[in-house]
Amino acid sequence: MAVNWWLALIIMVVVNGIVFWTLFMNTESLSKTARKWFYIVANVTGLLLVVAQFIWMDF
């Protein structure tokens, strides 16, 4: 059970790390709307991966 939670935490940290790296290290400027939607889509994708991981590992 603890392994599921650690794996979920790792997935979300990696996804948010990619988001922050992309947004802060990007040399091209993005609009606020584009940043907001990129952040939302990335986090929803991460949450879907976490839910799938819980289902796959028989929560």
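Trainee: What makes the length of helix 1 agree with the expected value?

Mentor: Helix 1 has 24 residues, and its first and last C-alpha atoms lie 34 Å apart, close to the 34 Å expected at 1.5 Å a residue. The expected span is 1.5 Å times one less than the number of residues. Helices here are DSSP runs (H or I, at least four residues), numbered from the N terminus. This is a predicted model, in which local features need pLDDT of at least 70 and side-chain atom pairs count only at pLDDT 80 or more, while totals for chains, interfaces and linings use all residues. Residues are numbered from 1 along each chain as its sequence is written, and side-chain values use heavy atoms, with hydrogens and water left out.

Trainee: How do you know that the span of helix 2 agrees as well?

Mentor: Helix 2 (residues 32–56) has 25 residues and should span 36 Å; its end C-alpha atoms are 36 Å apart, so the two values agree.

Trainee: Why is Asn16 called buried?

Mentor: Buried means under 20% relative accessible area, exposed over 50%, and partly exposed in between (1.4 Å probe, protein chains only). Asn16 has 15%, and therefore counts as buried. Asn16 is found in helix 1 (residues 2–25). Leaving aside neighbours within four places in sequence, Asn16 is in contact with Tyr39 and Asn43, contact being heavy atoms within 4.5 Å.

Trainee: Why is Leu48 called exposed?

Mentor: Its relative accessibility is 58%, so Leu48 counts as exposed. Leu48 is placed in helix 2.

Trainee: What makes up the largest nonpolar core?

Mentor: A nonpolar core is a set of buried Ala, Val, Leu, Ile, Met, Phe, Trp, Tyr and Cys residues joined through side-chain atoms within 4.5 Å. The largest has nine residues: Ala8, Ile11, Met12, Val15, Val19, Leu23, Ala42, Val50 and Phe54. Helix 1 and helix 2 each supply at least two residues of this core, and helix 1 gives the most, with six. The buried residues of helix 1 pack against helix 2. Ile11 touches Gly46, Leu49, Val50 and Gln53, not counting residues up to four places away in sequence.

Trainee: Which residues of helix 2 are buried, and what covers them?

Mentor: Ala42, Asn43, Gly46, Val50, Gln53 and Phe54 are buried in helix 2. Their cover includes helix 1.
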